[in-house]
Amino acid sequence: MDSHIYGVSKKTLFLFTLLCLSVSSISALPHQNKTGNNTGTGQMINSNSVLVALLDSHYTELAELVEKALLLQTLEEAVGKHNITIFAPRNEALERQLDPEFKRFLLEPGNLKSLQTLLLFHIIPQRVGSNDWPGHKSYPSRHTTLCNDHLHLITKNSGKKVVGSAELTRPDDVTRPDGVIHGIERLLVPQSVQEDFNRRRNLRSISAVLPEGAPEVDPRTHRLKKPEPPVRAGSPPVLPIYDAMAPGPSLAPAPAPGPGGPHHHFDGESQVKDFIQTLLLYGGYNEMADILVNLTSLATEMGRLVSEGYVLTVLAPNDEAMAKLTTDQLSEPGAPEQIIYYHIIPEYQTEESMYNAVRRFGKIGYDTLRLPHKVVAQEADGSVKFGSGDGSAYLFDPDIYTDGRISVQGIDGVLFPEVEKESTSVKKSVSSVKVATTKPRRGKLMEVACIMLGTLGQDSRFTTCQ
């Protein structure tokens, strides 16, 4: 006979133990998959980042080289870890003063590694402002660059600050929360890149026979064409001035000085009145103008901000988008102000600067006056899309008003922060939980145990299984 423990046989306990082990192993599998899916989240770059400022600055030649070298992702990771300091050569140093043969060497597809090393040699993974420079009586400070090479910062007796072999021409030219850009007079070339260039040049000079084109014959005289003589100094230009001029790079407007800058006063009220009048004359934005002037006092507040030296970008929803707002969204105290605050960016952005930023980085987060919420912008269908999902809006009427201090961009929807969308979904889930039944239920493990005991005829011995 089988011995019993508290009325249960050993065979029943053995089957019950095997069942518990199988249920616990199966229930552990979904938890592992859930935790494994949480990795790989991407990081969005801020519109106030030093990388965005570099691509929209007057250092256009350096910005083009950074894009050609495929270094945007590397610099995004560096900015995400720590502040950076960029030593940016002026455009003349890269256009005219650089050796043409050396420039061709850098732009060849096979020399991408040398181009990346050269550009990373100009970046230090820490913030070094002009005030952090060593004095002329101090020892030179040594800093490691992103290409694992070293740069020395010194100050001459004349007071000029020098990095490597280049002098600083525009210290603290661009300052952002995650980095600073200093303008320098020339390009810094690391020794490894110079040795690679010399090696390639020597190999090219000792190569066999350089391919040359067949001699050209003049069909009129049947003689070989001679190369044209060089143009003498002082001679008239070969091409007319309009043919020789090429369109220059498109730059975003220079940032306006903040409070305490060289201009101590701006007539912000007249500028705000001007852009509101432009909205009315443009057509389709009467509701936005009515909220700014009549429903709220935001027009006066914006005038004060502009008078103090701030710049603003207004994302203005058109009348069709404003008509979709419900009375519940506008009836709460301060609701119109909060909605408009979320559509005002404390930066000067144009349609071109925003599109270039989202085209290069994918997603850009713009700070708004409704702190701490941000407006997320991304490229979609050849335009700029703000927000995500059903609450998104497209850049519908670009550059309605741009005067260098206030920029108005028309959009086809009203934007709301993501937190509000999540809160509404949480309320719906809470209401559905309240409707749930109050009947006590057993756990999954006890439910399976009761089923096993029921097959063996032992379920009546436990009160929880009844």
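# A walk through the model, from salt bridges to sheet

Begin by selecting Arg186 and Glu185, which form a salt bridge with their closest N and O atoms 3.7 Å apart. Keep in mind as you go that this is a predicted model. Switch on the surface around Arg186: this residue is partly exposed, with a relative accessible area of 40%. The pair belongs to a set of 8 salt bridges, and a few others deserve a visit.

**Along helix α8**

Next, select helix α8, residues 191-205. Show the side chains of Asp196 and Arg199, which meet in a salt bridge at 3.3 Å, N to O. These two residues are 3 apart in the helix, so about one helical turn separates them. As a reminder, an α-helix has 3.6 residues a turn, so residues three or four places apart point the same way. Which partner is buried and which is partly exposed? Asp196 counts as buried, at 14% relative accessibility, while Arg199 is partly exposed at 46%.

**A link across the chain**

Now select Arg360 and Glu67, whose side chains also meet in a salt bridge, 3.3 Å from N to O. Colour helix α16 (residues 351-361) and helix α3 (residues 60-68) to see what is being joined: Arg360 sits in α16 and Glu67 in α3, 293 residues apart, so distant parts of the chain are linked here. Glu67 is partly exposed, with 27% relative accessibility.

Before leaving the charged residues, pick Lys156, Lys160 and Glu167 together; salt bridges link them in a network.

**An enclosed helix**

Select residues 112-120, helix α7. Why can this helix be called largely enclosed by the rest of the structure? Because 7 of its 9 residues are buried. To find them, highlight Ser114, Leu115, Gln116, Thr117, Leu118, Leu119 and Leu120.

**The sheet**

Turn now to the open sheet of 8 strands, with mixed pairing and the order β3-β15-β16-β17-β18-β19-β13-β14. Its edges are β3 (45-46) and β14 (344-345), each of which pairs on one side only.

For a parallel pair, select β13 (residues 312-317) and β19 (residues 406-411), joined by 6 bridges. Zoom in on Pro317, whose bridge partner in β19 is Ile411. Then add helix α12 (residues 298-307), which packs on the sheet and touches β13, β14 and β19. Look along β13 and compare directions: α12 makes an angle of about 155° with this strand.

**Two hairpins to finish**

Move to β16 (residues 374-380) and β17 (residues 383-386), an antiparallel pair with 4 bridges. Within this pair, Ala377 has Phe386 of β17 as its bridge partner. The two strands form a hairpin with 2 residues between them. Select Asp381 in the turn to see its positive phi of about 55°.

From β17, continue to β18 (residues 393-402); this pairing is antiparallel too, over 2 bridges. Here Lys385 is matched with Tyr394 in β18. How many residues lie between the strands of the hairpin of β17 and β18? There are 6 residues between them, and Gly387 takes a positive phi near 80° in this hairpin. As a last view, show the backbone of these strands, since strands of a sheet pair through backbone hydrogen bonds, either parallel or antiparallel.

Technical notes:
Residues numbered from 1 in each chain as written. Predicted model: local features only at pLDDT ≥ 70, side-chain atom pairs only at ≥ 80, totals over all residues. Heavy atoms only, no water. Pairing = 2+ DSSP bridges. Contact = heavy atoms within 4.5 Å. Axes fitted to C-alpha atoms, helices over the stretch in contact; angles between N-to-C directions. Buried < 20%, exposed > 50% of the residue type's maximum accessible area, 1.4 Å probe, protein only. Salt bridge = Lys/Arg side-chain N within 4 Å of Asp/Glu carboxyl O.
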